[in-house]
Every structure is written in C-alpha cells, then in structure tokens.
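Colleague: Could you take a close look at one part of this model for me? I would like a connected walk through it, with the surroundings added where they help.

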Amino acid sequence: MFLIFRPSLLLKPRRFCRYATVTAQTSAQQRSLNRTKYQEMVKKKPPIPESVLVFPNRSANAPAIVDTHTHIASTYAAYRTKYPEGRFSTVHELFRGVTEGHRVEAVVDVWCEAPVRAIWRELADSAVSEDDRAQKWGGTEYYFAMGVHPHEARHYNDDVEKNILEAMAHPRCVGWGEIGLDYHYDLSPRDVQQDVFSRQLRHAVKLGKPLTVHTREADEDTERILKAEVPSDHKVRPPSTFRDPIFDALFLECNQIHIHCFTDTPEFAQRLLDHFPNLYIGITGVITYSSNLNTSATIKNMIQPPSEPQSEATSDRPPTATGESLPSTSIPRGRLRILLETDAPYMVPGNIYDAPSLSTLKNKRLPICHTAMIPWTAEFVASVLGDGRTAEDVLLEARENARAMYGI
Ligand SMILES: [Zn+2]
Ligand SMILES: [Zn+2]
C-alpha cells in the first residue's frame, strides 16, 4: 500500500470553524487566539495516549515474528504527525520501543518512492554490523527491498533506476519492490505503470532478485506481464552474473515472488500460485476487515482448492477462533503459501481491539500499525482456516516461507 502523509492536515483551517462561530463578529485577534487554543488542544490531547502502541511482552517461547513488508520511515513520520512531542525521537527508538520483547526476528523495510529517498542508505548502513543491529534495531535482522511503486511510475527515469541498481548491491537488500500495477487509484497512467513494471521486472530477473509485487484491481495485466517477464521457476540466476559463491547460493534459494497485501480475487491468486511454484501471497491486517472477503477466500482455497471434494475429516469440523483444541498433527492440510506482513503504517488488524491492553480505547482506533501486531493477523488466519492450525502454527509456517522467499 502507499499513501501520502500530509502533516499540515492536522491544522487544516476548516477545523477552526467551530471556534469562529462562537460570536457573530469574530475579530482577527480572536481568531488568532482560537487558533492558539486549538493548537494547544491538539498538543495536549492526542487522539489516544501513545503508550497503548507498546504492547505487553510476548512469551519467550512464542514463535518468532517476521514482518515481510513494512515501511519503517513512513511509520515514524505517521507517528510524529500524531504525536509531535512523542517519547520516541528517532526511527530506531520507535522501532525498538514497539518491538522489543516481542521476538521480532526479521523485517523487510520497503522503499518505493521516486525519486529514491536518500535516507534509505542511513537505515540500511545502520544494520550492516551485528553490533549495530543489536544496538539500533534491538537485535532484529533489518533487511530492505527497493523499487518504484505503481503510483509513482510517472516519476521513474534513468536516474531513479541507477539509484535502485546501486541499492541492490547493498548487503542488507533482499528484494526488488514494491512494483506492479494499481488501477484502483490510477495515480500514474496505466500504460506508464505497465512499462515501468516490465522494466523493473527485467532488471530484477537479470539480477536474480526476489520480487515484491503490488497489484490492485489489475488482475489481467499483472498476470500477463508477470508471465511474460518472469520465468515460472524464477529461481536460478543466469550464470553470467555469478560473482561470489556465498552470495549466489543465497539467491539460488530465494529468487521468488511475493504478491504483497493481497486483496484481489481468489481465482487470480490461484492462477498465480499454479503458474509460479515459488510465489507467496502476502497477508496484512486487511484480512480482518469486513469489507474484504477475498483474502480469506484465497487462503482457504490454498489449503483446500474448490475443485477437490471436501473430506469428511474437515467438512464437519466447526471453525474455531484459535484451533487450539484440535491436534494439528492429525489434520490433513495443504501448504500455506503465505507471508505475514504489516504494510505499516496502515492496516491495523481489526481483531487487535480485543486485546486486554487496548480495552481502554473504547471506540477509538490505533493511529498506526507496527510489526508487533503480526500475531493478531496470524490469529485471524488460523480462525479462517479452521483446520486445526493455531496462530502459532501459522506464524511458524509463515516464518519458514519468509526464509524461502527472501533468504532471511
Ligand atoms: Zn503496496
Ligand atoms: Zn507497501
């Protein structure tokens, strides 16, 4: 996903209207006073206390979290917009503040703007040494992917491409993306989106890079372009590009496709899964939204394709919230080809409001999403599957898929 933050919206003039109508003849001085009052009010009363963004620690035995798609710099920007005087004053502080004690093993941070944001290097360099990862990222393995989002396709040019190619050589880079097509917003002309998508795919395939794909309401064109540009076993890099044996071994295992934040039709997902054996479907908190039934249907198809008759062993089994009462080992199951992701700062899982630590929120909503929310998405996936998998099973399976997908 990709949206643009405008901190200025916080003080949009129309917000002052209710003060301006207190008297029929409000003077300029009065308006100025009212504006000050409003600014003070915003400062003193953020929508909800920022402390609720930090969740109680998870158990030391809980399965590790891997967030395969997040926008860390944008999450920090969103946080500062909501909490201008918040306690976390750097990207690293916020990251550690919300993830420490949550067994977050790895994250893939995604850069998708054009022109490329120079700050990418600062964050990537801060994760090169083990010491830095321990100090700055709280021990989490920080990786990143880079590409130009379809919204930004109209700004793609040779300079942007040069910057991306440079980033691809960074030791923490694990993928090219997010790239693709978005016909929902159409922020770049469709022919430009297609050209830029193809062009980036060609580079990524040549380099043997894992692909992070964003597609929304563009099923036919995304499928056509992927099939045209990416070998179906997108796995082995051409020998001519081989340089370093360790580097190459990593790529031999992880040249895969991640269709991130999937919300399109289950049929589309199935066609992609059938064609590309190394393709995974990215699941965000949007799976919990009542407006989106596609993602749930997609994962159900994955474990039991509609063409197969339902076995008695599964058809009589009522769906459960966590599946804990059913022994997972005795259940016949299909492979769950999913990756868990937040796409933060958006897509807070809807089921998170059942958490005891959020009971004081009442009808308010968390202003940002972050990596420690992944277990709620896993919980929801388990409840949708209803095949005996627990949230822990889902986390473990997705963790292994993340390793296969990005080599992380
Ligand atoms: Zn996206
Ligand atoms: Zn994204």
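Modeller: Happy to. Let me start with Phe262, which sits in the loop between β6 and α11. Please keep in mind throughout that this is a predicted model. Is Phe262 buried or exposed? It counts as buried, because 30 C-beta neighbours lie inside 10 Å, and the cut-off for that label is 20 or more. Leaving aside its neighbours within four places in sequence, Phe262 is in contact with Ala269, Ile281, Gly282, Thr295 and Thr298. There is also a link in space to a distant part of the sequence: Phe262 and His214 are 48 residues apart along the chain, while their C-alpha atoms are 8.1 Å apart.

One of those contacts, Ala269, takes us into helix α11, which spans residues 266–275. Which residues of α11 are buried? They are Pro266, Ala269, Leu272 and Leu273. These four lie on the same side of α11, because they cover an arc of only 125 degrees around its axis. And what covers them? The cover includes helix α9 (219–229), strand β6 (257–259), strand β7 (279–283) and helix α12 (294–303).

Let us stay with α12, as its packing against α11 can be described in some detail. Two packed helices are described by the angle between their axes and the distance between the axes. For α11 and α12, the angle is about 40 degrees and the axes are 8 Å apart. That angle makes α11 oblique to α12, and the crossing of the two helices is right-handed. On the α11 side, the residues that meet α12 are Pro266, Ala269 and Gln270; on the α12 side, their partners are Asn294, Ala297, Thr298 and Asn301. Sorted by class, this contact has three nonpolar, four polar and no charged residues. Ala269 thus turns up among the buried residues of α11, in the contact with α12 and beside Phe262. Thr298 of α12 likewise takes part in the contact between the helices and touches Phe262.

For another helix pair, have a look at α3 (residues 72–82) and α4 (residues 91–99). Their axes come within 10 Å and cross at roughly 90 degrees, so α3 and α4 are roughly perpendicular to each other. Here Ile72, Ala73, Tyr76 and Tyr79 of α3 meet Val91, Leu94 and Phe95 of α4. By class, the contact of α3 with α4 has seven nonpolar, no polar and no charged residues.

A buried residue within a helix makes a good companion to Phe262. Ala204 lies in helix α8, residues 190–207, and is buried because 26 other C-beta atoms lie within 10 Å. Apart from neighbours within four places in sequence, Ala204 is in contact with Trp176, Lys209 and Leu211. Ala204 and Glu229 are 25 residues apart along the chain, and their C-alpha atoms are separated by 9.9 Å.

As a computational chemist you may also want to check the backbone, so here are some spots to inspect. The peptide bond from Gly177 to Glu178 is cis, with omega near 10 degrees, and Glu178 belongs to strand β4, residues 173–182. Another cis peptide bond runs from Ala344 to Pro345, with omega near 20 degrees. Pro345 is in the loop between β8 (338–340) and α14 (374–385).

That loop between β8 and α14 also holds Asp343 and Met347. Phi of Asp343 is near 55 degrees, a positive value in a residue other than glycine. Met347, which is not a glycine either, has a positive phi of about 65 degrees. Are these two buried or exposed? Asp343 counts as buried because it has 24 C-beta neighbours inside 10 Å. Met347 counts as buried too, because 20 such neighbours lie inside 10 Å.

Finally, some context from the chain as a whole. There are 15 helices and eight strands, and 42% of the 408 residues count as buried. Among contacts between residues at least 6 apart in sequence, 81% join residues at least 24 apart.

Terms used. Residues numbered from 1 in each chain as written. Chains lettered and ligands numbered in written order. Predicted model: local features only at pLDDT ≥ 70, side-chain atom pairs only at ≥ 80, totals over all residues. Buried ≥ 20, exposed ≤ 12 C-beta atoms within 10 Å, placed from the backbone. Arc of directions from axis to C-beta. Contact = placed C-beta atoms within 7 Å. Axes fitted to C-alpha atoms, helices over the stretch in contact; angles between N-to-C directions. Parallel < 35°, antiparallel > 145°, perpendicular 65-115°, else oblique. Left-handed = near helix turned anticlockwise from the far one by under 90°. Nonpolar A, V, L, I, M, F, W, Y, C, P; charged D, E, K, R; others polar.
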